[in-house]
Amino acid sequence: MENHTISLSNLQLEILKLYSTDLNKTDLKELKNQLAEFYAKKSIENANRVWKEKKLTNEDMDKWLNDE
């Protein structure tokens, strides 16, 4: 039988630490909202970076949205 070693990321390790905490419904909802805000912010930052790199304009977006 083969042994496989799996390394966990720093995020996975931190989440495992959280699992030992029994949050009430309010705190759990707040944590979920904070995680959602974190990833939303990161997504917006990346989209803005691409937008600047590609020198996109509002007109470009209008064309995409209107299939022109």
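**Exercise 1. Classify Phe38 as buried, partly exposed or exposed, then describe its aromatic partnership.**

Solution. Start with accessibility: Phe38 has 43% relative accessibility, so it counts as partly exposed. The cut-offs are under 20% relative accessible area for buried and over 50% for exposed, with partly exposed in between (1.4 Å probe, protein chains only). This is a predicted model, in which local features need pLDDT of at least 70 and side-chain atom pairs count only at pLDDT 80 or more, while totals for chains, interfaces and linings use all residues. Residues are numbered from 1 along each chain as its sequence is written, and side-chain values use heavy atoms, with hydrogens and water left out.

Next, look for ring pairs. A pair of aromatic rings is described by the distance of the centres and the angle of the planes. Rings of Phe, Tyr and Trp (its six-membered ring) pair if their centres lie within 6.5 Å; planes under 30 degrees apart are stacked, over 60 edge-to-face, and the rest tilted. The structure holds one such pair. Phe38 and Tyr39 form it, edge-to-face, with 5.0 Å centre to centre and 85° between the planes. Tyr39 is partly exposed too, at a relative accessible area of 45%.

**Exercise 2. Find which residues line the largest pocket, and say which helices supply them.**

Solution. First, the criterion: on a 1 Å grid over the protein atoms alone, a pocket is an open set of points with protein on both sides within 12 Å along at least five of seven lines, and lining residues have an atom within 4 Å of a point. The lining consists of Leu11, Glu14, Ile15, Leu18, Leu31, Leu35, Phe38 and Tyr39. Helix 1 (10-19) and helix 2 (25-53) are the elements that give two or more residues to this lining. Helices here are DSSP runs (H or I, at least four residues), numbered from the N terminus.

Then sort by class: seven lining residues are nonpolar, none is polar and one is charged. From the lining, take Leu18, which sits in helix 1 and is partly exposed at 43%. Its C-alpha lies 11 Å from that of Leu28, ten residues away along the chain.

**Exercise 3. Work along helix 2: what caps its N-terminal end, how far does the helix reach, and what comes just after it?**

Solution. Begin in the loop between helix 1 and helix 2, where Asn24 lies. Asn24 caps the N-terminal end of helix 2, with a side-chain oxygen 3.1 Å from the backbone nitrogen of Thr26. A polar atom of the Asn24 side chain also lies 2.7 Å from the backbone nitrogen of Asp27. Asn24 itself is partly exposed, at 43% relative accessible area.

Now the span. Helix 2 has 29 residues and reaches 42 Å from its first C-alpha to its last, close to the 42 Å expected at 1.5 Å a residue. The expected span is 1.5 Å times one less than the number of residues.

Finish at the other end. Just after helix 2, Lys55 takes a positive phi of about 55°, although Lys55 is not a glycine. Lys55 belongs to the loop between helix 2 and helix 3 and is exposed at 70% relative accessibility.

**Exercise 4. Decide how many residues of helix 3 are buried, and see what follows the helix.**

Solution. Count over residues 58-65: of the eight residues of helix 3, the number buried is zero, so the helix lies largely in the open. After helix 3 comes Asp67, with a positive phi near 50°.

Definitions and conventions. 1 Å grid on protein atoms, 1.4 Å probe; cavity = no way out; pocket = protein on both sides within 12 Å on 5 of 7 lines; lining within 4 Å. Nonpolar A, V, L, I, M, F, W, Y, C, P; charged D, E, K, R; others polar. Polar contact = N/O pair within 3.5 Å; in protein donor to acceptor, adjacent residues only side chain to side chain.
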